[in-house]
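I wanted to know where this model leaves empty space, and what surrounds it. These are my notes.

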Amino acid sequence: MSQSLSQEELLKSQILQTAQELYQRHGIKKVTMDDVAKAVGKTRSALYYYFKNRDELFEAVMISLVDEVKSELEKIIYKEKTLESRIQAFCFAKVKGFNKTRNFISTIEANMDKEERSKYSSIIWDIHQRMMRSETVLLKKVISESVEAGDITEPDSKTMDTLIFVLLSSIRGIRRESISENYKDQWEEGAEMLARMIVEKIKG
């Protein structure tokens with residue numbers, strides 16, 4: 001039973017990876033379920049076993065990218081030992097971005113026409129919200145582990161939620177401005193300062 005499940009998960013992953021590559025190469029509108037099935041070497045009915053339609057497949061591809069980013073963030077964060085260095089590592093990773101995800105989203109958006117932007121805007125917004133929730137859970141985990149280790153006292157839930165909101169919002173701002181000629185040499189110092197301020201506030 002477990003072997004059968006493993007094979008199903010492997011095929012699902014292959015479908016998502018293939019669809020992602022086709023989207024990036026041709027754009028969403030031009031890629032059909034038949035195209036993905038042919039590229040995977042399966043029948044169209046095999047795809048419909050996992051995904052009801054093209055929209056569901058596209059959403060699943062976007063969700064898989066979010067999961068990849070979360071996994072990469074965890075690896076980066078847990079190379080560090082202290083709360084401040086972990087939050088700083090998180091900030092640096094978010095500002096630098098992840099090439100695979102950034103390139104995919106940039107290519108997809110660049111190839112979208114007005115109709116597609118309208119059609120898929122809600123999915124992309126939902127994915128953004130999913131990413132925010134995922135990062136919030138990860139940051140809460142990091143902070144909670146520092147509490148358990150006795151490094152800090154536990155902040156109340158409202159303070160923690162506010163601090164994480166400020167952190168995530170500020171990082172988006174730093175990332176946006178980091179490509180500007182005026183600020184491209186300041187983002188690292190800004191990210192370090194933000195991490196330090198957040199940890200100081202957590203410690204009270």
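I began with α7, since the largest share of the lining of the largest pocket, six residues, comes from that helix. I keep in mind that this is a predicted model.

**Largest pocket.** I read a volume of about 740 Å³. I find 28 lining residues, with Lys94, Thr101, Ile105, His128 and Arg175 nearest the centre. Two or more residues each come from α4 (54-77), α5 (83-96), α6 (99-110), α7 (114-148) and α8 (157-177). By type, I note 15 nonpolar, five polar and eight charged residues in this lining.

**Helix α7.** I looked up its span next. The helix has 35 residues and reaches 50 Å from first C-alpha to last, close to the expected 51 Å. I also found a bend of about 45° at Tyr120. At the N-terminal end, Asp113 is the cap: one of its side-chain oxygens lies 3.2 Å from the backbone nitrogen of Glu115. After the helix comes Gly150, with a positive phi near 80°.

**Cavities.** I searched the whole structure and got two of 30 Å³ or more.

The largest holds about 40 Å³. Its lining is Tyr23, Ile28, Val31, Thr32, Met33, Val36, Arg54 and Leu57. I count six nonpolar residues, one polar and one charged there. α2 (33-40) and α4 each supply at least two.

The second largest holds about 30 Å³. Ile87, Leu139, Ile143, Leu163, Ile164, Leu167, Ile198 and Ile202 line it. What types are they? Eight are nonpolar, with no polar and no charged residues. α8 gives the most, three residues, while α7, α8 and α9 (187-203) each give at least two.

Notes. Residues numbered from 1 in each chain as written. Predicted model: local features only at pLDDT ≥ 70, side-chain atom pairs only at ≥ 80, totals over all residues. Heavy atoms only, no water. 1 Å grid on protein atoms, 1.4 Å probe; cavity = no way out; pocket = protein on both sides within 12 Å on 5 of 7 lines; lining within 4 Å. Points joined across faces, edges and corners; volume = space filled by probe spheres on them. Helix = DSSP H or I, 4+ residues; strand = E, 2+ residues; numbered from the N terminus. Nonpolar A, V, L, I, M, F, W, Y, C, P; charged D, E, K, R; others polar. Expected span 1.5 Å × (residues − 1). Bend = angle between axes of the 7 residues up to and from the residue. Polar contact = N/O pair within 3.5 Å; in protein donor to acceptor, adjacent residues only side chain to side chain.
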